[in-house]
Amino acid sequence: MAEVLVYVDHVDGAVRKPTLELLTLARRLGDPVALALGAGAENTAGVLAEHGAVKVLTSDAPEYADFLVVPKVDALQAAHELVSPVAVLVPSSAEGKEIAARLAVRIESGIITDAVDLEAGTEGPVATQAAFAASFTTKSRITKGTPVITVKPNSAPVEAAPAAGAVEALAVSFSDTATGTKVLSRTPRESTGRPELTEAAIVVSGGRGVNGAENFAIIEALADSLGAAVGASRAAVDAGWYPHSNQVGQTGKSVSPQLYIANGISGAIQHRAGMQTSKTIVAVNKDAEAPIFDLVDYGIVGDLFQVVPQLTDEVNTRKG
Amino acid sequence: MSLRIVVCVKYVPDATGDRHFADDLTVDRDDVDGLLSELDEYAVEQALQIADEADDAEITVLTVGGEDAKDALRKALSMGADKAVHVEDDDLHGSDVMATSLVLAKAVEKTGYDLVICGMASTDGTMAVLPAILAERLNIPQVTLLSEVKVEDGTVTGRRDGDSASEQLQASLPALVSVTDQSGEARYPSFKGIMAAKKKPVESLDLEDLELEAGEVGLAGSWTQVDSATQRPARTAGTIVKDEGEGGKQLAEYLASQKFI
Ligand SMILES: Cc1cc2nc3c(=O)[nH]c(=O)nc-3n(C[C@H](O)[C@H](O)[C@H](O)COP(=O)(O)OP(=O)(O)OC[C@H]3O[C@@H](n4cnc5c(N)ncnc54)[C@H](O)[C@@H]3O)c2cc1C
Ligand SMILES: Cc1cc2nc3c(=O)[nH]c(=O)nc-3n(C[C@H](O)[C@H](O)[C@H](O)COP(=O)(O)OP(=O)(O)OC[C@H]3O[C@@H](n4cnc5c(N)ncnc54)[C@H](O)[C@@H]3O)c2cc1C
């Protein structure tokens, strides 16, 4: 059967959920062959095999951490040569997209980014994308080369599908440009213990209406009662109330959870661009005319300082 | 020696307008007002700041787009860029990112550069991959998605705030940089800037000038094909309740009914 190359996003061997979703989509097109790079690459094999990887290619070298993007492109290109896949799938993270992009140039292939669904077609994989702040849905194909497609988190279910997952070391020779951009230092982001924003099933967000950094405690308390991630609008981020890494929207994270709760957020087009594909949308806003109410499944016109703590108490009580 | 900066800017349909696709499934650019992609204003701003720090620098703004795209160049010139290059050709219609980047690479090479600066993403296609592709085509280092950038003694350094870490990056010139909207608010053009922009040179290039064939660009030269574009149905009107003191409880009831609690 045809093979599909899947780029693995992992942290020291712990595979992140979007990669497991990619394996689900990959199986619609052929047999998934996974590529894991860097420290802990071999430790990814178990979980990848459980989710359908017939083979796991691994490579570890200091270059992957010491230089930006290009060494990983060299490895993906080597894997592409070895496997001759019918498609290359990469998670739609900022780095994932750049890796996919440079690979596409090298193998003279078209690229589709931020697919939200993927199916096999008679002329190759058909990707669904959300365009113009998710107000349009498009279906596209790649007409030249090996389709290179990046896929957004939460685009497919994670499904067990045990396969061999035979580990094989991949030989990679680094290109002249591999060492072009040095990583001088890296400061890991502190973990909050909450779910990853882009992967979370529920996201609770706060905007300008939260009115102060200290008040974000109200938003966090609701998030914790629901086991949710915390998001913020750009207005809240620009005011310094919450970190930019939690920004939802065009220039922040794009999220697609089962449930999105917007508190004190008006619903500007750039914010909608990052959350409009959420399955269920709820908003609390004191202005009945706020555009966010055009999107909601359920909205409360009211003061978030009243509504949100009451909701949190009620959730905690019901959980008992 | 002069530092030659080329800033790539895109002319895009206004996001607050009614954006849609034309019959050939390309973006309808006639029905909606266009403007300089707001995220590219940050690229122009960083170019201006880098030029201010350099002994001698020249900023060229470059766009690939139709006749109207000159507006984007004028805006960038009125902010303070020195000159502009406009690549315009009927055969460019419908170019995907591979075709667009090919044209940009040729135009950047023809213009001459030490540093190429891009925005983090366009506000229409929002792929955020053109900078990496352009760097690959030009065979120069990419120092992308920077929230802080500095150019000194032939090297560029910058901070990239990623998903799991914040990184300090460095590369030697020539290099390609892309900047985020965290890099610093873009300046407004002054009246003087707007008047001065009218006299600044805008060079027009077509495919022949760039030694490209029609078949290498546009719909013909694109490696992706859009088969359908459908407007998402408006969400069915949701339930909206005014808080009379029990709003939080009502919301909890709703969340429970949807099995979220
Ligand atoms: C290029 C560009 C990129 C952008 N990228 C993003 C992005 O990624 N993400 C993003 O979010 N924005 C982005 N923006 C900004 C966007 O245009 C809006 O300015 C922003 O989303 C507004 O945030 P907000 O809804 O929190 O604030 P506002 O629009 O000021 O809305 C605040 C809301 O809170 C309500 N409110 C106030 N007090 C209370 C209360 N006590 N109880 C209940 N409700 C209350 C008000 O009624 C109002 O509706 C971008 C803009 C540009 C130009
Ligand atoms: C809704 C939509 C979906 C699309 N999907 C795809 C797809 O899946 N695959 C594909 O190959 N193409 C796609 N395209 C086409 C693609 O957007 C264009 O080819 C485009 O010029 C490059 O991508 P981008 O605008 O998304 O740029 P991004 O990668 O988001 O732009 C980053 C930066 O590149 C520079 N830049 C981009 N375009 C230009 C330009 N014309 N002139 C000067 N500088 C520029 C700017 O500095 C910009 O800030 C899509 C377009 C639209 C409108």
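## A helix of chain B across its sheet

In this predicted model, helix H3(B) lies across five strands of chain B, namely strand E1 (3-8), strand E4 (57-64), E5, strand E6 (115-119) and E11, and it runs at about 155° to E4(B). Helix H3 of chain B, which spans residues 97-111, also contributes nine residues to the largest nonpolar core, and this is the largest share of that core.

## The sheet that ends in E12(A) and E11(B)

The strands crossed by H3(B) belong to an open sheet of 10 strands with mixed pairing, in the order E12(A)-E9(B)-E8(B)-E7(B)-E10(B)-E6(B)-E1(B)-E4(B)-E5(B)-E11(B). Strand E12 (182-188) of chain A and strand E11 (202-205) of chain B stand at its edges, and each has a single partner strand, so one side of each is left without a neighbour in the sheet. On average, and with direction ignored, neighbouring strands of this sheet are turned by 30° against each other.

At the E11(B) edge, strand E5 of chain B (residues 83-87) pairs with E11(B) in the parallel sense over four bridges; within this part of the sheet, His86(B) has Ser204(B) in E11(B) as its bridge partner.

## The sheet that ends in E11(A) and E12(B)

Another open sheet of 10 strands, again with mixed pairing, follows the order E11(A)-E5(A)-E4(A)-E1(A)-E6(A)-E10(A)-E7(A)-E8(A)-E9(A)-E12(B). Its edges are strand E11 (166-169) of chain A and strand E12 (224-231) of chain B, each with a single partner strand, so that one side of each is left without a neighbour in the sheet. Here the average turn between neighbouring strands, direction ignored, is 35°.

Within this sheet, strand E6 (residues 87-91) and strand E10 (residues 148-151) of chain A pair in the parallel sense over four bridges, and Val90(A) has Thr150(A) in E10(A) as its bridge partner. Helix H5 of chain A (residues 94-106) lies across strand E1 (3-7), E6, strand E7 (111-119) and E10 of chain A, and its direction is at about 175° to E10(A).

## Nonpolar cores

The largest nonpolar core has 104 residues, and those with the most contacts inside it are Ile5(B), Val7(B) and Leu134(B). Apart from its neighbours within four places in sequence, Leu134(B) is in contact with Cys8(B), Ser101(B), Leu104(B), Ala105(B), Val116(B), Cys118(B) and Leu176(B). A second core, separate from this one, has 32 residues and draws on both chains, including Val210(A), Ile219(A) and Val307(A) as well as Phe260(B).

Technical notes
Residues are numbered from 1 along each chain as its sequence is written. Chains are lettered from A and ligands numbered from 1 in the order in which they are written. This is a predicted model: local features need pLDDT of at least 70, side-chain atom pairs count only at pLDDT 80 or more; totals for chains, interfaces and linings use all residues. Side-chain values use heavy atoms; hydrogens and water are left out. Two strands pair if DSSP finds at least two bridges between them. Helices (H or I, at least four residues) and strands (E, at least two) are DSSP runs, numbered from the N terminus. Axes are lines fitted to C-alpha atoms, for helices over the stretch in contact, and angles run from 0 to 180 degrees between N-to-C directions. Contact means heavy atoms within 4.5 Å. A nonpolar core is a set of buried Ala, Val, Leu, Ile, Met, Phe, Trp, Tyr and Cys residues joined through side-chain atoms within 4.5 Å. Buried means under 20% relative accessible area, exposed over 50%, partly exposed in between (1.4 Å probe, protein chains only).
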